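This report follows the packing of one chain, from its aromatic side chains to its nonpolar cores. It is best read with the sequence and the coordinates open alongside.

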Amino acid sequence: MGREREWAQLEVAWAQGQTAYLCGEPGIGKTRLMLDFVASKGASVPNNGRPGDVGVPYASIARGLRRMFERQPGLIRELAPWARRELSRLIPSLWDEPLPPVSAHEDRLRLFEAGMALLALGTRDRVALTTDDLHLFDPRASSSAVALPPGRRFPLAAAAGAGNL
C-alpha cells in the first residue's frame, strides 16, 4: 500500500472527530486513499468539484445537495420549510417563489445553517462527508461553505463520533 503513515494520521483524526484534508500533487493517490479509508468506516456522502465550477458560485455544493435529494427523496418532506426556502437559492425547485441570490453576510449564514440542517438529515446513515477536488470549487462561495468555522462540526461527526474527510 505505501500509505501506512497517512492512514495512521487519518485514523487519529477520525478517532478525534477532526476534519482531515489530503493535499498534494495531482495523481499521487489522494482520492484513492480517501475513498479506501472512508469505505473502511462505512458509507459516505460524496461531493466533488468539477472543472466548470470555479466560476459559478455554489455550483459544487448545489450539485452535491441535488444528489443527496435524488438518493433520498423523502428528505424534501423532512426538511424544515425555512431550510427548504433557503436552499431554494441553490435548487429553485425546492420553493414556489424565487429568492434573490445570496448577497449579504446574513444570507450566507442562513444558507449555511440550512445546508447543515439538510446534512443532519441526509447523513444519518452515513459516517463521513467526502469532498474531492476542492480546488475546482468556486473560490468564494462553495469553498468557504466547505471550510467549517473553528469548533464547528458536521452533524454526522457530532452524532456518530466519526470524522469528516
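## Aromatic packing and cores

Phe37 is buried, with a relative accessible area of 0%. This value, like the others below, is computed from a predicted model. A search of the whole structure finds two aromatic pairs, and the rings involved, those of Trp7, Trp14 and Phe37, are linked by these pairs into a cluster. The geometry of the pairs is set out in the table.

| Pair | Centre to centre | Angle between planes | Class |
|---|---|---|---|
| Trp7 and Phe37 | 5.1 Å | 75° | edge-to-face |
| Trp14 and Phe37 | 5.9 Å | 75° | edge-to-face |

Trp7 lies in helix α1 (residues 4-15) and Phe37 in helix α2 (residues 30-41), so that this pair links distant parts of the chain, 30 residues apart. Trp14 also belongs to helix α1, and because its partner Phe37 sits in helix α2, the pair ties together parts that are 23 residues apart in sequence. Trp14 itself counts as buried, at 13% relative accessibility, since the cut-off for that class is under 20% relative accessible area.

Helix α1 has 12 residues and spans 16 Å from its first C-alpha to its last, which is close to the 16 Å expected at 1.5 Å a residue. Its buried residues are Leu10, Ala13 and Trp14, and because they cover an arc of only 100° around the axis, they lie on the same side of α1. What do these buried residues pack against? Their packing partners are α2 and β2. The face of α1 turned away from the buried side carries the exposed residues Glu4, Arg5 and Ala15, and the helix is followed by Gly17, whose phi is positive, near 70°.

The side chains of strand β1 (residues 44-48) alternate: Val45 and Asn47 point to one face and are buried, whereas Ser44, Pro46 and Asn48 point to the other face and are not buried. This agrees with the general pattern, since in a regular strand the side chains alternate between the two faces of the sheet. Strand β1 pairs with strand β2 (residues 128-132) in the parallel sense, over five bridges, and within this pairing Ser44 stands opposite Ala128 in β2.

The largest nonpolar core has 23 residues, of which Leu65, Phe69, Leu79, Leu87, Leu90 and Leu118 touch the most other members. The elements that give two or more residues to this core are α3, α5 (81-87) and α6 (105-122), and α6 gives the most, with seven residues. When its neighbours within four places in sequence are left aside, Leu87 is in contact with Leu65, Leu79, Leu94, Leu111, Ala114, Gly115 and Leu118. A second, separate core has nine residues, including Leu10, Ala13, Phe37 and Ala128.

One charged residue can be added to this picture. Is Arg63, which is found in helix α3 (residues 59-71), buried or exposed? Arg63 has a relative accessible area of 13% and is therefore buried. With its neighbours within four places in sequence again left aside, Arg63 is in contact with Asn48, Gly49, Arg50 and Asp53; among these, Asn48 is one of the residues of β1 that point to the face whose side chains are not buried.

How values were computed: Residues numbered from 1 in each chain as written. Predicted model: local features only at pLDDT ≥ 70, side-chain atom pairs only at ≥ 80, totals over all residues. Heavy atoms only, no water. Buried < 20%, exposed > 50% of the residue type's maximum accessible area, 1.4 Å probe, protein only. Contact = heavy atoms within 4.5 Å. Phe/Tyr/Trp six-rings, centres within 6.5 Å; stacked < 30°, edge-to-face > 60°. Helix = DSSP H or I, 4+ residues; strand = E, 2+ residues; numbered from the N terminus. Pairing = 2+ DSSP bridges. Core = buried A, V, L, I, M, F, W, Y, C linked by side-chain atoms within 4.5 Å. Expected span 1.5 Å × (residues − 1). Arc of directions from axis to C-beta.
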